Structure formats: structure tokens, C-alpha cells
Amino acid sequence: MEYVLKNGLVYDPANEINGEKMDIFVKDGKIVESLPDDVKVIDVTDKVVMPAGVDPHAHVAGPKLVVGRLYRPEDSRRGVSQKTKVERAEAGFSIPCCPTTGYRYSRMGYGTVCEAAMPAMEAKHTHEEIATIRNIDVNPLTLFGNNWFVMEYARENRIEDLAAYIAAFLRISKGYGVKIVNPCGSEAWGWGKNVHGYDDKAPYFDVTSRQVVLALAKANEMLGLPHSIHIHPNDLGHPGNYPTTIDTLDSIKEITKSTKKAAKTRNQTVHTTHLQFHSYGGNSWKDADSAADKVAKFVNKTDYMTCDIGQVTFDETTTMTADAPMEYDLFKISGLKWANKDIECETAAGIIPCIYSPKTPVATLQWAIGLELFLLIDDPWKVCLTTDHPNAGPFIRYPRIISWLMSAPRRMEMIENGEVHKWSHKRTGLAGLEREYDFYDIATITRAAPAKVHGFTDRGALTPGYNADIAVYGLNPNDFDPSRNPEEVERAFSWANLTIKDGQILCKDGDLVATKKPHDIWCDVKGWEEEEARICNEIMPFFTQYYSIKWETYQVYDHYLSDPIAVQALAK
Amino acid sequence: MKIITFNQKKTSKIALEFDEIVPNTVMDWTKENWDAYQVPIGNSRFPITDFFDIEIEGEADSPSQVKMVLNGDYGRVKYIGFRMTDGEIEVNSNADLHAGAEMSGGLVTVHGNVEAHAGREMSGGKLEIMGNTKEFTGASYIGEWRGMTGGEIIVHGNAGKQCGECLTGGKIHVLGDCDILAGIHMTKGTIEIDGNVNRWPGGQMKNGNIIIHGKVGRLLEGFVEQDIVTDPEVDGVTYPGRYIEYKGDIALNGKGTLLIDAEKNRDRLSTWIEEDDEYNAIRVYRNQ
């Protein structure tokens, strides 16, 4: 299939194209330099054209989602719509069913989503779910931060063995990268405890979070993986947690970035996720305030880290994370129903509904801190747009966040009209921030930066040779002021005029016209096969003794993957 | 007044769904509209005229002037009166699940029994059931923590399990008996039960009132006896007689009120003195 998108206003930060009127040529699912004049023309005159969106951190598949859907049937009844000739029936708001997840991302012009927490033990199921999420490609990150083998290697500083273990378990779980959640804390939860601060030890392992994080970062760079370590630091959601965040990120400065080919795309050695939840000052919720300025200042002066925000959206949502002790803390505060899911020898997750009301002080503080971080971090390439779906809000609210970022008057209106609690201006500096994102910045934080952070070399840009993943929005920036029309911005980014995935038009004027199978993206480490075999033999006695399932059934075989893309990392 | 009468022609084994057919949506519908309308059945739709002869009489300027009369067997018709805001629906048979669910105004009368979830999450209006209801009358949707928030449900027969679950407002009056866990998780509103209650009324209630005129099978440990009260007044209504008053459920630091008929539940008291000053005597006995 060949066609040209004619006369669009193109925003492609990876190629430094800022609103130029251009034609984009598509052939056989790829973007090409040019095509003959007689090819099919799709007129997108004076419409915004961007690469399809890339979500760098969301929870869209896996065991937590299943528990959430099972114990929150009331969420499933929200957002119900009947099947059409193209779509299956939709259901769910904060934890939509799998096909619905794909449809909704597609309507917003997204093409790729990172599933941010996949326990290796539950990887088979995660991939089975990914296979049913239509229209978006998914790269799942494997959880390593509380893995018993990892903690042993970290304590003994056996970095090469750890690297071999990571290579083997990325292959076994078909994971894309290394995810660390509350290192040592989720293990401590097995004993009803948590760790506090960066130098607290996991019970019975005699290893600190610092040791685990640094060991994993070194191993990650030793392998030269396309993505850096992806960390959810300790003390999430606790007032006064920002020193832990800065301690954690500061420690990474000693890590030398890999020069291997797969790692070349990215600049960072650590990606910090949902930074909003880690930027709180004060000592308790009574005196909690924003530490966004301190955290943003740190981010601005470093060149080895990136982050996503986890912006609160004022919705009733479902929180779910492999930080089980934090979820228990949330349960104690809210009293809402709580579920816990232990993954033997690897991690522990918790799930609890959460109502982020604009009338409550804490939710408003969180909302304002998220926006402060967006506005105080100078370089948009260091920050990505997320809600940590569904934890701070469902991903369908991305357009609303974009409207807040593009309109300072709208933010002030919310504060001055009392739409949000007074903590928004009494305990944060949001009211004094006048910065507004433009379309180029928005394209950066939703497309180019997330793709670069994840080391993608086939998406996130409109470079010839890249996948033809394209979004067209019905806005003309030349005669439209987003600052004065936030509702229109939200509407336009909610319903893409065109969503194109691998050259196929999936969405027209907000309606799905086709669906396609997703690509399941994983990282295939090459060159460490001998070390992988050795380490697997080494762990086998322990695995056989302590795991409740057999090694043969633990592994994810190729037939579990939907149209897999194996990104090769040449480790030697 | 506009009266829309449904006369059933045939039934369906798979339930029909009437969630789109309430006075506020069909007020202006003509015969042509009804002929064109397809009613949901399972994952498909079929012409409603395959199942009903529909007669329309009179005119209406507002939904309050619309009355739907359903004749036949509606035991396999779900969502009758769903999200109704005004007007009246009279069902001359049994009704299936979710009758009166999420209604905010108007009147639904069912001259028969109703399946589970009757009056679920209703916020206004009145649902009157002449027969029995099954589980979750006036309750929340499964998993939800807010049930009925306003309006009134009257059940002339018996109510099933977890009647008034998560009640957050309004009143439920059961003239017959009630199964276990009436008012579980309730935070506001009133449940009045004329008959007997199987077990555990008010489990984990945080606030609100339950008045039971019959015999209570078993109470949860979280209810603390307060006193014996005469002619108590709840929300401006006086309930004549003598009641044992409990507060609970203390397991959740709840402050709900549970009033149970003192005479019918005298076995809960260690002694019973048939004298004029019996209540004072009981109080004295308790304080010893």
C-alpha cells in the first residue's frame, strides 16, 4: 500500500521538524523519502501530523490487571459500549478489558505502549493478554528489583553473573528491559515490613536498595540493553520522600553508559518513573508540601536520567503496583477494598481503588506537583507524559493533561475558581508557573522522548525507514491558540483524525475502521548464551527446591507472542 | 396523560432488556417509532413488535404525564424502569433483574415478584413491589461501595439477602421477612423491616438506621446494646413500641443505629419483667 499524507503541519522532534508544511510518504508499512506523483493522496492540509504516540510506562497487561478486574466489577461497567462491525464490545474505565485498551489508545493516536511491570513467573499470562490488545505494540519490562537471585548477586557484587541472569530471564520471560520496583521493599513485605530510604536492608538478604539498584544498572550497561534500568524508587507516596528519590538518582552518576549499539539511541542510564509520587516534602500528610522544585532542579543539572511523571487526573481509578507495602499503607488511609498478590521469590503486588477528588487536599497536592515537574524540568527530552496508568488516572486522560500543559490560563482558572483544593497554591508553586508547552514540546514528551528513552529505532519519529506509525489531529496551529482553547485541545487529542499503524489506517475521525494484531517487543541478548546456560544451571537446584512450578513450564515459548519483534542487543 | 400499553404476544428464553424504554425516553414516540425500535436480547436486537402489541393513548407534554402499563409475563424482562427520571410504569406480572435500577424519579409498581438488584443504586422516585424480591434490593452494583442514595422502595413480601447493601440514602421498607445481612456496609438512610430477620443485620454498617419489628435470628458481635427505648423517632418518623437500641458496627468504628422490637426479642435480655415499670427495671438489672 502506497499513499502520501499531503500538506500536513508536521511536528517531528526527532528530526527537528517544528510545524513545517510537509508531505509524508508511506509505502509497505514504512515511511519513505518520496513516491511517484500518481499514488493515493490523503489530504491532511493544515492538520497536525505527528508520529504515533509512545507510552513509556503503563500497566495494561498482567496479573495485577486480572486481580483488579476481578475485584472491581464496578469499574468494568463504566465505559461499556456495544460491539460494532470493527470492534468487540468495550468495558471498563480505569482497568479496561484488553481489546478496549487497544481501541482507546488507537483513538488517541498512540501506537506503542510499555507494560511496565511483568513478573517473570507470570510472563506467559502477560503475553497472552498482550496478544489480545489490538492496534498497539507492547514492550513489557521484567521485574528484577526484589528477585531473590538478583538480591544474592547484588550482595556479593557478582555483576557478570547478574548480567547473565538478566540476559537469560529476559529471554525466558520475553521481556524488553529491567524494571525495579521499591527495591528490597516488596521482598520485605513478605515479612509484613517495608524498607525506608535507600540504605535499608531487605530482611534476611543483608542487601540494601542501593546495592540492588547499582548492581542492576551496571549489569544493564554491561549488556548494553536498548533501555536503561527503569526504576520506581523506594518510599513512593510517602510525605518527605524526595531525599530518597534524589539519593537514588544521584547514586547512578557512577554508572558508565554502555557504548554498545543497542544502547546508543538513549542518553540516560536510569529512567525514573512516576516522579510525581516521589517528590513530596514535609513529614506527614498534615504538613506535606511540594518538593517538585528540588527534584526538578536535580533533573535539570543531570544528564544521565530521564523521567515520566504519573500525573494525577482527578478520577476514580484503580491503583496497582508491585510495591505491595505502599498499597497496604494506602489501604490504611482510605479503608477501601484492598487486594494483595504475592509472586513467589520475585515480587509482591497490591491493588486498591483510589478516588482522586479535586476537593481533597492530598489529591490536589499530587496534581499540582505533577504539573510543576512538567513545567520546571527545562528539557522536554528528559520528561515523558504518563499517568502511570491506571495509578494516577486512566490513560484516556492524556489529552486533558496536554490541555493543562498548553494553557496556563486554564490552570489558573482551576486554582482561582476553587475547582481544586487550596493546597494547590498554598503548598506548591504551580500558581506562579506561566510556562506553556507548544505542539513541538507535546510531540516530544509523547512521542520522541519516550521512543528515545526506550531505545526504539523504528518508531517515535517520521524518519524514512521507520514504521509508518502516524497520528493526525484536527487542529490548525496557525489559526488556533491552545492556551485559550483547552477544551478544543483535549477534544482533538482524544479523537485523532487519523491513526496509522504500520501503514494501515486504523482510526478515522475518532472511529475505529480497522484493527490489527499487536507486536510483542522483547530484547534478545546475543553473545552471552554460554553465560546464560551456566547461570541457569547454577540456579536450577534452588529453583527446583523453592519454586512451585517447573522450569519447563516457567519459560515463555515463542508461540505465546503475537507477531514478536526481537530487538537484538549484541552484548559481546 | 399518555398511556402506553404493552400486551405481550410471545416470551423469550433469553431476557429482553428494557433499559432504553422509560417514560422520559419514549414520551414522544409514535407508532412508527415503536415499529422501528429493536429491543436488546442477549448480544442481538429484535423488533419489539415481535414480542408486544403496543397501544398508545393520549398525549403528554412531559415525562410525568406518561404511564407505561406492561401486561403479560415480564419474568424475563430486565432493566424495567432503568434510569427513569419521571412518569410511571406499572408491571402486571413478575419482573426480572434490575427493576428500577438507577432510577431518579417517578413510580414503578410491580404486581408480582422481582428478581435480584431491584432498585439498585436508585437516587429518587418510588419502587413498589407487591410480591417478594431476591438479593441486593436497593443495593450497590457488585463491587461498588455506594448503593441506593435516595428515593423509596416498598416490598410487600419478603426480601432476599443483603437488602440495602451499601445503602447511602433513601428508605427501604420490607413488610415481610428479610434474609441475612440486611444493610451490610450501609452508611446512611433507613431500612425498616416489619417481619423477621434471618441473621446479621447491619454487618459493617458505618451509619444509618435499621428498624426491625420482628424477630432477629442472630446479631453480629460488633453491635453494642445501648438502652431500651420507647416510641423512638428516626428521621422524623415515630415508631410506636419498645425497642432495644444497638450501636455499631464497632468493628468499623461504625455509629449506625439498630432498633429491634424488645418484646419479640426478649430472649436477648436476661430477664423480662411484666410490670408497668418493666423498662426501668430492665435498665436497673443491666446496670447491676
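Okay, one definition before anything else: two residues count as being in contact if their C-beta atoms, placed from the backbone, lie within 7 Å. Keep that in mind, and keep in mind that this is a predicted model.

So let's use it on a pair of helices in chain A. H13(A) covers residues 398-406, and H17(A) covers residues 486-494. Which residues meet there? From H13(A) we have Pro399(A), Arg400(A), Ile402(A), Ser403(A) and Met406(A). Facing them from H17(A) are Pro486(A), Val489(A), Glu490(A), Phe493(A) and Ser494(A). Sort the residues of that contact by character and you get six nonpolar, two polar and two charged.

How do the helices sit against each other? Their axes come within 8 Å and cross at roughly 145 degrees. And the handedness of the H13(A)–H17(A) crossing is right-handed.

Okay, on to some strands. Find S7(A), residues 110-118. Is this strand mostly covered or mostly open? Mostly covered: nine of its nine residues are buried.

Now look at what S7(A) pairs with. One partner is S6(A), residues 53-58, which runs parallel to S7(A) and is joined to it by four bridges. If you want a spot to click on, Val54(A) stands opposite Thr112(A). Another partner is S8(A), residues 137-143, also parallel, with five bridges to S7(A). There, try Met118(A), whose bridge partner in S8(A) is Thr142(A).

And how does the chain get from S7(A) to S8(A)? The path goes through helix H4(A), residues 123-130, and this β-α-β crossover is right-handed. Try tracing that one yourselves on the screen.

Technical notes: Residues are numbered from 1 along each chain as its sequence is written. Chains are lettered from A and ligands numbered from 1 in the order in which they are written. This is a predicted model: local features need pLDDT of at least 70, side-chain atom pairs count only at pLDDT 80 or more; totals for chains, interfaces and linings use all residues. Axes are lines fitted to C-alpha atoms, for helices over the stretch in contact, and angles run from 0 to 180 degrees between N-to-C directions. Helices (H or I, at least four residues) and strands (E, at least two) are DSSP runs, numbered from the N terminus. A crossing is left-handed if the near helix is turned anticlockwise from the far one by less than a right angle, and right-handed if clockwise. Ala, Val, Leu, Ile, Met, Phe, Trp, Tyr, Cys and Pro count as nonpolar, Asp, Glu, Lys and Arg as charged, and the others, Gly among them, as polar. A residue is buried if 20 or more other C-beta atoms lie within 10 Å of its own, exposed if 12 or fewer, and partly exposed in between; C-beta atoms are placed from the backbone. Two strands pair if DSSP finds at least two bridges between them. A crossover is right-handed if, with the strands pointing away from the viewer, the path from the first strand over the helix to the second runs clockwise.
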